[in-house]
Amino acid sequence: MAQKHNFQFSIREYRPTDGRVVTSLFRDGILEHVYPAFFKAMSHPDHVGVALSISMAGYVLGGSSYFQALLFGSAWAGLIYYCCHEIYEGYMMSRLSSDMADIQANYLENPDNGFWVAEADVKGQSKVVGMVAVMGKRGDEEEGERFDDCNGGAMGAGQEIPQDAVMTHVVVGFPWRRKDVGSQLTRRAVDFCKERGFARLVLDVSSPQTAGASLCQKFGFVKTASHSNTHANRWVSNLARINVMRMEKLI
């Protein structure tokens, strides 16, 4: 049981009865990034230039109409918002229909996967206020030998090789942030990876998630790559200007 500023909570494994609240928490946690992404995209110099040009075109085509200028500019802003919303909503729906569709089977029944929630005492009642998941990956070398830099030698054929674990679904409800919940969830994920013998923990963070990136850096995660490819169409990703940062921690 952790406590900070009279706020008590504990980290425990997911239970089937948590399904509805976890889904709601995940949905809210993902979609809340739409507005930060939108404002960040609209403040980009290229988008500012386009907005001014479109507004000026509306002003001229409308016969010096300020309303037409505002209408054209608003249409451009609406398009950028749509792109940002499309990326996050698409990601959310894809996860809800895949690994989160059956958390029990996809996480709890696999010893290399884990799903935990933060449960707090809110007005005398237990409430799930955060969550984190880890999905491990292992490989079996069946042909020949593989030189392993960590061990400084060769690993025999057929020997199971610990590989990466991916940390996902790191969400803390807004009223319970800055109360150590995110840190305790991250620590549980890291400890799990140590217990299972994984060599590295990997996390993808989108550019608007500055708080999440800062939290990971406190735990020793470092940025190793960045890209703008998402599940959405390329033109949607380009207009949204959302970068995905790959962060890794050696276990």
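Is Tyr 35 buried, partly exposed or exposed? Select Tyr 35 and take a look: this residue is partly exposed, with a relative accessible area of 47%. Keep in mind as you go that you're looking at a predicted model.

**Stop 1: the whole chain**

Zoom out for a moment. The protein chain has eight helices and 10 strands. Of its 251 residues, 40% count as buried. Now think about which residues touch which. Among contacts in the chain with a separation of 6 or more, 70% are between residues 24 or more positions apart.

**Stop 2: rings on helix H2**

Go back to Tyr 35 and add Phe 39 to your selection. Both sit in helix H2, which covers residues 34-42. They are four residues apart, so about one helical turn separates them. Their rings form a stacked aromatic pair, with 6.2 Å from centre to centre and 25° between the planes. Planes under 30 degrees apart count as stacked, so this pair fits that label. Phe 39 is exposed, at a relative accessible area of 54%.

Next, select Phe 38 and Tyr 81. Here the ring centres are 5.7 Å apart and the planes stand at 80°, so the pair is edge-to-face. This one reaches across the chain: Phe 38 belongs to helix H2 and Tyr 81 to helix H4 (residues 66-96), 43 residues apart. Is Phe 38 buried or exposed? Phe 38 is buried, with a relative accessible area of 12%, while Tyr 81 is partly exposed at 28%.

Now show Tyr 35, Phe 38, Phe 39 and Tyr 81 together: ring pairs link them into a cluster.

**Stop 3: H2 against H4**

Display helices H2 and H4 as cartoons. At what angle do H2 and H4 pack? The angle is about 135°, and their axes are 9 Å apart. That makes H2 oblique to H4. The crossing of H2 past H4 is right-handed.

To see the contact itself, turn on side chains. On the H2 side, pick Val 34, Tyr 35, Ala 37, Phe 38, Ala 41 and Met 42. On the H4 side, pick Trp 76, Ala 77, Ile 80, Tyr 81, Cys 84, His 85 and Tyr 88. Sorted by class, this contact has 12 nonpolar residues, one polar and no charged ones.

**Stop 4: H1 against H4**

Swap H2 for helix H1 (residues 19-31) and keep H4 on screen. H1 and H4 pack at about 155°, with axes 9 Å apart. That makes H1 roughly antiparallel to H4, and H1 passes H4 in a right-handed crossing.

Select Thr 23, Phe 26, Arg 27, Ile 30 and Leu 31 on H1. Then add Tyr 88, Glu 89, Tyr 91, Met 92, Met 93, Arg 95 and Leu 96 on H4. What classes do the residues of this H1 and H4 contact divide into? They come out as eight nonpolar, one polar and three charged.

**Stop 5: two positive phi angles**

Finish with a pair of backbone oddities. Select His 169, in strand S7 (residues 160-172). Its phi is positive, about 55°, although His 169 is not a glycine. His 169 is buried, with a relative accessible area of 5%.

Then jump to Arg 178, in the loop between S7 and helix H6 (181-196). Arg 178 is not a glycine either, yet has a positive phi of about 60°. Where His 169 is buried, Arg 178 counts as exposed, at 80% relative accessibility.

Technical notes: Residues are numbered from 1 along each chain as its sequence is written. Side-chain values use heavy atoms; hydrogens and water are left out. Rings of Phe, Tyr and Trp (its six-membered ring) pair if their centres lie within 6.5 Å; planes under 30 degrees apart count as stacked, over 60 as edge-to-face and the rest as tilted. Buried means under 20% relative accessible area, exposed over 50%, partly exposed in between (1.4 Å probe, protein chains only). Axes are lines fitted to C-alpha atoms, for helices over the stretch in contact, and angles run from 0 to 180 degrees between N-to-C directions. Angles under 35 degrees count as roughly parallel, over 145 as roughly antiparallel, 65 to 115 as roughly perpendicular and the rest as oblique. A crossing is left-handed if the near helix is turned anticlockwise from the far one by less than a right angle, and right-handed if clockwise. Contact means heavy atoms within 4.5 Å. Ala, Val, Leu, Ile, Met, Phe, Trp, Tyr, Cys and Pro count as nonpolar, Asp, Glu, Lys and Arg as charged, and the others, Gly among them, as polar.
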